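Student: I have a structure to read today. Can we go through the terms as we meet them?
Tutor: Yes, have a look.

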Amino acid sequence: MSLKALIFDLDGVLTDTAKYHYLAWKKLADELGYYFDEDINELLKGVSRINSFEIILQKNNATDKFTSEEKESLANKKNEYYKEMIEQLTPDDILDGIVPFITEARSNGIKCAVASISKNAPRVLQLLKIEDLFDYIADAALVKKPKPDPEIFLTCAEALGFAPNECIGIEDAQAGIESIHSAGMISVGINVMITSVKPDIILKSTAELDFNMIKEFC
Ligand code: BG6
Ligand code: MG
């Protein structure tokens with residue numbers, strides 16, 4: 001395989017926003033009197049906003065408590081809390097090794113994209129001041145089928161003008177690894193809690209990202 005592009009997830013790969021997602025869901029859950037902890041939060045990684053709320057409701061045997069409209073409005077309430085929290089992000093919150101890794105890839109002619117299903121991704125990238133490192137940023141609002149469907153990774157490959165087998169996807173969530181494999185790409189897993197499919201390359205943290213190692217794997 002000749003490597004042409006790297007496609008990055010955002011939350012948990014470029015920065016650790018999982019803690020803010022956790023705090024925002026926790027605030028909503030507390031208000032509703034529902035149980036929510038770090039273990040449940042793990043299940044929400046890579047999962048869309050509304051599906052995340054459904055998981056919290058399931059864990060509380062409360063799936064039938066609200067209409068679809070009410071669920072939508074409560075999930076939006078969580079998003080308002082989240083939006084307020086992420087305003088604290090600065091370039092210091094970029095995870096270790098990310099900038100040198102992307103810089104080296106780009107200097108080797110590799111294109112880079114972001115495949116995040118978070119509708120807040122543009123604001124997070126802006127606060128981290130790394131938008132310019134990417135040739136393409138997928139628009140989460142246009143994604144019809146969330147991860148583990150391959151749609152968002154395929155959209156990025158197409159936008160960059162490469163075949164899926166010329167791309168590598170980098171993810172921290174199990175749903176994301178499945179999405180990358182279904183797209184026909186090689187996957188790099190960052191600290192993934194593996195429950196089904198294993199990433200092709202398993203790393204403990206972004207500090208272990210090494211452009212030459214990844215290129216040799218291809
Ligand atoms: C993913 C996160 O990147 O985006 C999930 O891992 C989150 O936890 C999802 O639910 C949707 O994000 P948002 O910002 O659109 O609610
Ligand atoms: Mg993620």
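Student: Are Lys 147 and Asp 9 buried or exposed?
Tutor: Lys 147 is buried, and Asp 9 is buried too. This is a predicted model, where local features need pLDDT of at least 70 and side-chain atom pairs count only at pLDDT 80 or more, while totals for chains, interfaces and linings use all residues. Residues are numbered from 1 along each chain as its sequence is written, chains are lettered from A and ligands numbered from 1 in the order in which they are written, and side-chain values use heavy atoms, with hydrogens and water left out.

Student: Why is Glu 171 called buried?
Tutor: Its relative accessible area is 1%. Buried means under 20%, exposed means over 50%, and partly exposed is in between (1.4 Å probe, protein chains only). The value for Glu 171 is 1%, so Glu 171 is buried.

Student: What makes Asp 30 partly exposed?
Tutor: Asp 30 has 47% relative accessibility. That lies between the two cut-offs, so Asp 30 counts as partly exposed. Lys 26, at 26%, counts as partly exposed as well.

Student: How do you know that Lys 147 forms a salt bridge with Asp 9?
Tutor: A salt bridge is a side-chain nitrogen of Lys or Arg within 4 Å of a carboxyl oxygen of Asp or Glu. The closest N and O atoms of Lys 147 and Asp 9 are 3.1 Å apart, so the pair qualifies.

Student: Which parts does this pair tie together?
Tutor: Lys 147 lies in the loop between strand E3 (136–137) and helix H7 (151–160). Asp 9 lies in the loop between strand E1 (5–8) and helix H1 (18–32). So the pair ties together parts that are 138 residues apart in sequence. Helices (H or I, at least four residues) and strands (E, at least two) are DSSP runs, numbered from the N terminus.

Student: Which network includes Glu 171?
Tutor: Asp 9, Lys 147 and Glu 171 are linked in a network of salt bridges. Glu 171 itself is in strand E4 (residues 167–171).

Student: What makes Asp 30 and Lys 26 a salt bridge?
Tutor: Their N to O distance is 3.2 Å. The limit is 4 Å, so the pair counts. Both residues lie in helix H1, 4 residues apart, about one turn of the helix.

Student: Why do Glu 42 and Lys 45 count as a salt bridge?
Tutor: Their closest N and O atoms are 2.8 Å apart, within 4 Å, so they count. Glu 42, at 28%, is partly exposed. So is Lys 45, at 25%.

Student: How many salt bridges are there by this rule?
Tutor: The count comes to 10.
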